[in-house]
Amino acid sequence: MKQVMLYCRSGFEKECAGEIQDRANALEVFGFPRVKNNSGYVLFECYQAGDADKLIREIDFQSLIFARQMFAIASELESLPADDRITPLLESLQELEAFPRCGDLRIETPDTNEAKELLKFCRKFTVPVRQAMRGKGYLFNKEHSKKPVLHICFVKPGHCFVGYSYANNNSPFFMGIPRLKFPADAPSRSTLKLEEAFHVFIPKEEWDTRLASGMWGVDLGACPGGWTYQLVRRSMFVHAVDNGMMADSLMDTGQVKHHQEDGFKFEPPRKNVTWLVCDMVEKPSRVAQLMGEWLIRGWAKETIFNLKLPMKGRYDEVLEDIENLKYFLIENKVKFKIQAKHLYHDREEITVHIQVLSNISPH
Ligand SMILES: C[S@@+](CC[C@H](N)C(=O)[O-])C[C@H]1O[C@@H](n2cnc3c(N)ncnc32)[C@H](O)[C@@H]1O
């Protein structure tokens, strides 16, 4: 297998391609990305057979910023006949030796308006395909969350890519998108950005300890309060920092203290803050620097923040800001875990999470 499929936000194919190219080079896997603007996906063509599997095993999926999903392509079918699409699908897999037996089936499309029209068909098609794949032994008879995932991605009616991803190195979500419901009482839609960040960055089994009731959070650039809402609904207390107005519903909870101050100058009154979150619309290098300063001073243990992307050179800006921030933390003897992702609810921005593991710098 020579091709890898990566899903991304429509309009970010160039960034996704730049990233996969860099990561393949680092593994000495040679190839090139095929990019179609606004298609919602990138294909990476390796020169050597077997290299697609190497990439989806060895590139840590969590470390990719712009890819929502990554899988090795086993076959491409361009004109499936409408009266029997399943037989050619099965036949295309028959010729392959190395297709793993899968524990889950996802029939998907890229996330574009045109492709999304196919979703109804994908849903209907899933049941007979699952049965046929089980019959031929490509799928286990029962769903297995730890076994590889079989992906069929329809880019047009009758045109699909068939492949697989590894359950320990992929996005667990259909189309790489967590489905979240907008909470009716949240003050802004951006609330879903922070909620998605929790789903992507914090393992569910750790939510009770890392997003625990009674913790203190600081929200820089908080108004009208969508991010603060996420902390408040988890029974945390929040310093909300912003010159604007906070939603009354949040202030009424008694869990929020509103500071009408500059987020770059705010200092928490007590050093008991677990979470620092920040959605200020500011130069990304400035925000990254500020987050570094908070963590080095020991003012917070974990942070989730947005880096707003520039119009041009988005990938380079992101790489530079993250590299500088890592260097700043390492130089100051902070041990940490970092992950950055272009989330589904992000537009011209990415979201970064840092967890401090140890900090021996003098505060
Ligand atoms: C995208 S909005 C935040 C939305 C918020 N996260 C929510 O979910 O409702 C950005 C906010 O950053 C605030 N902001 C920008 N620069 C700031 C600064 N230097 N200090 C404090 N707030 C700032 C703006 O006033 C604005 O309310």
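The unreviewed UniProt entry lists residues 188-283 as "domain: Ribosomal RNA methyltransferase FtsJ". In this predicted model, the span 188-283 is 27% helix and 21% strand, and its end C-alpha atoms lie 22 Å apart. A second annotation in the unreviewed UniProt entry, "domain: Ribosomal RNA large subunit methyltransferase M THUMP-like", covers residues 84-166. Over residues 84-166 the chain is 36% helix and 24% strand, with 29 Å between the end C-alpha atoms.

The protein as a whole contains 11 helices and 14 strands. Its radius of gyration is 22 Å, close to the 21 Å that the globule rule gives for 363 residues, so the protein is as compact as a globular protein of that length. The C-alpha trace spans about 65 × 45 × 35 Å along its principal axes. Of the 363 residues, 56% count as buried. Among contacts with a separation of 6 or more, 66% are made by residues 24 or more positions apart. The protein exposes about 17100 Å², of which carbon and sulfur atoms supply 48%.

Within the span annotated in UniProt as THUMP-like, residues 84-166, helix α3 (residues 86-94) illustrates the packing of one element. The buried residues of helix α3 are Ile86, Pro88, Leu89, Leu90, Ser92 and Leu93. These buried residues pack against two strands that follow later in the chain, β6 (149-156) and β7 (159-165), as well as against β4 (69-77) and α5 (119-135).

Attention now turns to the N-terminal part of the chain and its surface. Phe30, Phe32 and Tyr47 make a nonpolar surface patch of about 330 Å². Tyr47 is situated in the loop between β3 (41-46) and α2 (51-58). With a relative accessibility of 55%, Tyr47 counts as exposed, because the cut-off for that class is over 50%.

Helix α2, which follows the loop of Tyr47, also carries a charged pair. Side chains of opposite charge can pair when their charged atoms come close. Arg57 forms a salt bridge with Asp53, and the closest N and O atoms are 2.7 Å apart. The two residues are 4 residues apart in helix α2, so about one helical turn separates Arg57 from Asp53. Asp53 counts as buried because its relative accessibility is 16%, under the 20% cut-off.

The salt bridges of the model number 18 in total. Glu206 and Arg210 form one of them, with 2.5 Å between the closest N and O atoms. Glu206 counts as partly exposed at 29% relative accessibility, whereas Arg210 is buried, with a relative accessible area of 10%.

A further salt bridge joins Glu348 and Arg314, whose closest N and O atoms are 3.0 Å apart. This pair links distant parts of the chain, its members being 34 residues apart: Glu348 lies in the loop between β13 (334-341) and β14 (349-359), and Arg314 lies in helix α11 (residues 314-331). Glu348 counts as partly exposed at 41% relative accessibility, while Arg314 is buried, with a relative accessible area of 13%. Elsewhere, salt bridges that share partners unite Lys193, Asp279, Lys308 and Glu349 in one network.

Two threonines complete the description of the region annotated in UniProt as residues 188-283. Thr274 is found in strand β11 (residues 273-278). With a relative accessible area of 13%, Thr274 is buried. Its contacts, leaving aside neighbours within four places in sequence, are Met215, Trp216, Ala300, Lys301 and Glu302. Thr253, by contrast, is placed in the loop between α9 (248-251) and β10 (256-259). With a relative accessible area of 35%, Thr253 is partly exposed. The C-alpha atoms of Thr253 and Val232 are separated by 8.1 Å, although these residues are 21 residues apart along the chain.

Definitions and conventions. Residues numbered from 1 in each chain as written. Predicted model: local features only at pLDDT ≥ 70, side-chain atom pairs only at ≥ 80, totals over all residues. Heavy atoms only, no water. Patch = residues over 30% accessible without salt bridge, like charges linked within 9 Å, V, L, I, M, F, W, Y side chains within 5 Å. Areas by Shrake-Rupley, 256 points an atom, 1.4 Å probe, with all protein chains shown as cover. Salt bridge = Lys/Arg side-chain N within 4 Å of Asp/Glu carboxyl O. Buried < 20%, exposed > 50% of the residue type's maximum accessible area, 1.4 Å probe, protein only. UniProt positions renumbered as here; feature names shortened; annotations may be inferred. Rg over C-alpha atoms; globule rule 2.2 N^0.38 Å. Contact = heavy atoms within 4.5 Å.
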